[in-house]
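Trainee: I should be grateful for a close look at a single part of this structure, with the reasoning set out step by step.

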Amino acid sequence: MKKQLKHIYVSKEFFINFIISFLIFTFIFLINGIFKAIEIIIKGASFFSVVKVLIYFFLSSLPYIFPLTLLSSSTSVFSRLTYDREIQIFSFSGINPLILTKNLLIFAVLCSILLIYYNLFLFPSIKYQSRKTIYNLTAKNPIAFFQPKTIINDFPNFSIYIGDLSKNLNFKDLSIIQKSDKITLFIKAEEGKINYVPETNSIIFLMKNGFITSQASNKISKLDFSEYIFHIELPESFSFKEPQRKLSELPLSQLKIKNNIEANIEISERISFGITPLIFIFLGTGIGMKLKNKSRVLCIGVAGATSLFFFLFLILGEIIAKKLNFSLFVYLPVLIFTFITYYLNRYSVR
C-alpha cells in the first residue's frame with residue numbers, strides 16, 4: 001500500500017515539474033521567435049501572421065523541448081526524494097528505488113514513439129513552412145511602397161511619384177525618373193494600373209496617355225504614347241518565392257532517395273532525438289539522486305547544461321560519421337549517455 005502511494009506521489013510530483021519545466025523551456029526556445037515576431041510587426045504584419053510565426057517556432061522546438069522537460073522533471077523529483085531521505089528508506093528496506101520510475105518509463109516510451117514519428121514525418125515540413133512564412137513576411141512588399149502624393153525612392157535607380165492611387169492600384173498622374181550611367185528617362189502618364197508579378201519579381205506599369213523623354217549624352221528625344229507598358233525589375237530583397245528546402249527540411253522519402261552520407265546522418269539524427277526521452281528519464285533519476293536538492297531552478301539549469309553536452313557529442317558524432325562515411329556514429333551521444341545513466345543509477349541506489 002505504501003509503495004502504491006509512493007508511486008502516485010512520484011507521478012504527481014513528476015507531472016507538476018513536467019508542466020513547469022515545459023513552460024520554462026518553451027519560453028526559452030520561443031525567444032528567437034519573439035524577436036522574429038517583433039521584426040515582422042515593425043514591417044506591418046497582421047496579428048494572425050505573428051501568431052502563426054510563434055506557433056511554427058513552438059512546433060519546430062518540440063523535438064528539443066520534450067527531452068529537456070523529461071530530464072528536468074525526473075531530476076527534480078528524485079533530487080527532492082533523496083533530499084528528504086525517502087530514497088534511502090527504500091534502499092534500506094531492500095526495495096530498488098528505480099521501481100518508482102515505472103509510470104515515468106511508460107510515459108517516456110509513449111513520448112519516444114510519438115517523437116520519432118514526429119521527427120521523421122511531421123517536423124521537416126513544419127520547419128520548412130516556418131522558414132518560408134518568416135521569409136515571405138520579412139521580404140519587402142513592393143506594392144506597400146506606393147502611396148498617393150508621395151515620392152518613392154525605395155527602388156534602386158528610380159524615383160516615382162503618383163498623384164492619386166485607388167485600392168485596386170489604378171493610378172492618375174504618374175511620373176517616373178530612371179537614372180543610369182548612360183541615359184536618363186522621364187516617363188509621364190495621365191492614368192493606368194500597377195501590377196506586381198511575383199514569378200519575375202517585377203512591377204508592371206500599364207500606362208495610358210503620356211510621353212517618354214530620354215536624355216543620352218547631349219541628345220534629348222521625346223515619344224508620345226496612348227498606351228505603354230513599363231517594367232521595373234526588383235532586387236532579391238523584394239522577392240516573394242518558394243525557398244529551397246534545406247536537408248533538415250526534406251521529408252523521409254526524399255532523404256531515402258538521396259541515400260548519401262548527409263541524408264543518412266539526417267535520418268539518424270531524427271531517430272536519435274526521438275530516443276532521448278527514454279535515456280533522459282533515467283539520466284534525470286541518477287542525476288537527481290546525486291544532486292539532493294529541492295530547487296527546481298537548479299534542476300532546470302542542470303538539465304540545460306547536460307543537454308549542451310549531449311549536443312556537443314552529437315556534433316562530434318556527426319563529424320566522425322562524415323569523416324568515416326558511416327552514419328551510425330551519430331548515435332555516439334546516445335551510447336555515451338546510456339553508459340553515464342547506467343553508472344549513475346547503479347551506484348546511486350547502493
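Trainee: What is the relative accessible area of Tyr 64, and how is this residue classed for exposure?

Mentor: The model is predicted, and the values below are computed from it. Tyr 64 has a relative accessible area of 23%. Buried means under 20% and exposed means over 50%, with partly exposed in between, so Tyr 64 is classed as partly exposed.

The aromatic surroundings come next. Across the whole structure, a search finds 28 aromatic pairs. One of them joins Phe 29 and Tyr 64, whose ring centres lie 6.1 Å apart with 10° between the planes, a stacked arrangement. Phe 29 belongs to helix H1 (residues 2–42) and Tyr 64 to helix H2 (residues 47–83), so their pairing ties together parts that are 35 residues apart in sequence. The partner ring, Phe 29, has 26% relative accessibility and therefore also counts as partly exposed.

Phe 29 and Tyr 64 are members of one aromatic cluster, which also includes Phe 273, Phe 280, Phe 310, Phe 311, Phe 313 and Phe 337. Two helices that contain cluster members can be described further.

Phe 273 and Phe 280 fall within helix H6, which covers residues 261–291. This helix bends by about 35° at Thr 276, and Pro 277 follows within four residues of the bend. H6 is mostly covered, with 23 of its 31 residues buried. After H6 comes Lys 292, whose phi is positive, near 55°.

Phe 310, Phe 311 and Phe 313 fall within helix H7, which runs over residues 296–324. At 1.5 Å a residue, its 29 residues should span 42 Å, and the end C-alpha atoms are indeed 42 Å apart, so the expected and modelled spans agree. At the start of H7, a side-chain oxygen of Ser 295 comes within 3.5 Å of the backbone nitrogen of Val 297. The buried residues of H7 are Cys 299, Ile 300, Ala 303, Thr 306, Ser 307, Phe 310, Leu 314, Gly 317 and Ala 321. As to the spacing of such positions, an α-helix has 3.6 residues a turn, so residues three or four places apart point the same way. Of the cluster members in H7, Phe 310 is thus found among the buried residues. H7 is followed by Asn 325, which has a positive phi, near 55°.

Notes:
Residues are numbered from 1 along each chain as its sequence is written. This is a predicted model: local features need pLDDT of at least 70, side-chain atom pairs count only at pLDDT 80 or more; totals for chains, interfaces and linings use all residues. Side-chain values use heavy atoms; hydrogens and water are left out. Helices (H or I, at least four residues) and strands (E, at least two) are DSSP runs, numbered from the N terminus. The expected span of a helix is 1.5 Å times one less than its number of residues. Buried means under 20% relative accessible area, exposed over 50%, partly exposed in between (1.4 Å probe, protein chains only). A polar contact is a pair of N or O atoms within 3.5 Å; within protein, one must be able to donate a hydrogen and the other to accept it, and residues adjacent in sequence count only if both atoms are side-chain atoms. Rings of Phe, Tyr and Trp (its six-membered ring) pair if their centres lie within 6.5 Å; planes under 30 degrees apart count as stacked, over 60 as edge-to-face and the rest as tilted. The bend at a residue is the angle between axes fitted to the seven residues ending there and the seven starting there.
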